[in-house]
Amino acid sequence: MNRLFGTSSKPTAPKPTLTTAISSLDARLSSIDVKLASLTAELSGYQSKLAKMRDGPGKTALKQKALKVLRQRKQYEAQRDQIQSQVWNMEQAQTMQDNLKNTMVTIDALKQTNKQLRKEYGKVDIDKIERLQDEMADLLDVGNEIQESLARSYEVPEDVDEDELDAELEALGQEVELEREMYGGMEGGAVPSFMQDEVPEFVDEEPKVGGKVKEVAG
């Protein structure tokens, strides 16, 4: 069909972008700068010659050439300023485009993060967490009760009055001192008289250890 209607099957050229356009204009600016440098050097030569020449037809002709070069330089300078403005505008547009791309990437990342967070948080049961916290609190209370029970004293009540303990300790000291006064005159280790066993008069001899008591003869 393409052959019948004469249509071309050449591939279409890629659409220009801001980057390629800026590069093309930068190349144009470089070319203009080279041309301006050449014109400036040529104009300086004319100025040097004119400064040394006397007025006359020769100087006038050389002056016309210098004016022509000056007009060309003015045109190139205007072109350069125009192209620089275009480059500046395109660079600003490119900056905006880059910022927009970065913004879209950030938005996509936030969407994905939000989706993932919703998925993960959807697995969390708040009621289970609350029950777990309550169970942990109950277990801590039970543990504290066990520790308090194990630390309880079995001999001395917790509500014993310190003054009563001091009075009881002082009374014990007085009893010890009284016993020392009562038995102070006895030999070391002696037994008080009321605690000694008396031997009856009808017994001829005292009982021997391991022996029998002799019977009194008729």
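**Exercise 1. Met90 and its surroundings**

Met90 is buried, because its relative accessible area is 18% and the cut-off for buried is under 20%. Keep in mind that this is a predicted model. Your task: find which helix holds Met90, and which residues beyond four places in sequence Met90 touches.

*Solution.*
- Step 1. Locate the residue: Met90 is part of helix α3.
- Step 2. Skip everything up to four places away in sequence; Met90 then touches Leu18, Ala21, Ile22 and Leu25.
- Step 3. Look at one of these partners along the chain and in space. Met90 and Ala21 are 69 residues apart in sequence, yet their C-alpha atoms are 8.2 Å apart.
- Step 4. Now take the view from Leu25. Apart from neighbours within four places in sequence, Leu25 is in contact with Ile83, Gln86, Val87 and Met90.

**Exercise 2. The cores**

Which residues form the largest nonpolar core, and which element gives the most to this core?

*Solution.*
- Step 1. Start with a general idea: in soluble globular proteins, nonpolar side chains tend to be buried together.
- Step 2. List the members. The largest nonpolar core has eight residues, namely Ile22, Leu25, Leu29, Ile32, Leu36, Ile83, Val87 and Met90.
- Step 3. Sort them by element: α2 (18-52) and α3 are the elements that give two or more residues to this core.
- Step 4. Find the main contributor. With five residues, α2 gives the most to this core.
- Step 5. Keep looking, for there is a second, separate core of seven residues, and Leu39, Leu43, Ala66 and Val69 are among them.

**Exercise 3. How two helices pass each other**

Are α2 and α3 roughly parallel or roughly antiparallel? Describe how they cross, and what kinds of residues make up their contact.

*Solution.*
- Step 1. Recall what is needed: two packed helices are described by the angle between their axes and the distance between the axes.
- Step 2. Read off both values. The axes of α2 and α3 come within 8 Å and cross at roughly 160°.
- Step 3. Compare the angle with the cut-off: angles over 145 degrees count as roughly antiparallel, so α2 is roughly antiparallel to α3.
- Step 4. Add the handedness: α2 passes α3 in a left-handed crossing.
- Step 5. Sort the residues of the contact of α2 with α3: 20 are nonpolar, eight are polar and 13 are charged.

**Exercise 4. Three residues that are not buried**

Take Tyr76, Gln75 and Ser23. Is Tyr76 exposed or partly exposed? Is Gln75 exposed or partly exposed? Is Ser23 exposed or partly exposed?

*Solution.*
- Step 1. Tyr76 sits in helix α3 (residues 57-121). Its relative accessibility is 23%, so Tyr76 counts as partly exposed.
- Step 2. Leaving out residues up to four places away in sequence, Tyr76 touches Ile32, Lys35, Leu36 and Leu39. Tyr76 and Leu29 are 47 residues apart in sequence, with 9.8 Å between their C-alpha atoms.
- Step 3. Gln75 also lies in helix α3. At 53% relative accessibility, Gln75 counts as exposed, because the cut-off is over 50%. The C-alpha atoms of Gln75 and Leu36 are 9.7 Å apart, and the two residues are 39 residues apart along the chain.
- Step 4. Ser23 belongs to helix α2. Ser23 has 44% relative accessibility and so counts as partly exposed. From Ser23 to Val87 there are 64 residues in sequence and 9.0 Å in space, C-alpha to C-alpha.

**Exercise 5. Stepping back**

How many helices and how many strands does the protein chain have, and what percentage of its residues count as buried?

*Solution.*
- Step 1. Count the elements: there are five helices and zero strands.
- Step 2. Write them in order along the sequence, and the pattern is α-α-α-α-α.
- Step 3. Turn to burial: 8% of the 218 residues of the protein chain count as buried.
- Step 4. Finish with the contacts. Among those with a separation of 6 or more, 67% come from residues 24 or more positions apart.

Note on methods
Residues are numbered from 1 along each chain as its sequence is written. This is a predicted model: local features need pLDDT of at least 70, side-chain atom pairs count only at pLDDT 80 or more; totals for chains, interfaces and linings use all residues. Side-chain values use heavy atoms; hydrogens and water are left out. Helices (H or I, at least four residues) and strands (E, at least two) are DSSP runs, numbered from the N terminus. Buried means under 20% relative accessible area, exposed over 50%, partly exposed in between (1.4 Å probe, protein chains only). Contact means heavy atoms within 4.5 Å. A nonpolar core is a set of buried Ala, Val, Leu, Ile, Met, Phe, Trp, Tyr and Cys residues joined through side-chain atoms within 4.5 Å. Axes are lines fitted to C-alpha atoms, for helices over the stretch in contact, and angles run from 0 to 180 degrees between N-to-C directions. Angles under 35 degrees count as roughly parallel, over 145 as roughly antiparallel, 65 to 115 as roughly perpendicular and the rest as oblique. A crossing is left-handed if the near helix is turned anticlockwise from the far one by less than a right angle, and right-handed if clockwise. Ala, Val, Leu, Ile, Met, Phe, Trp, Tyr, Cys and Pro count as nonpolar, Asp, Glu, Lys and Arg as charged, and the others, Gly among them, as polar.
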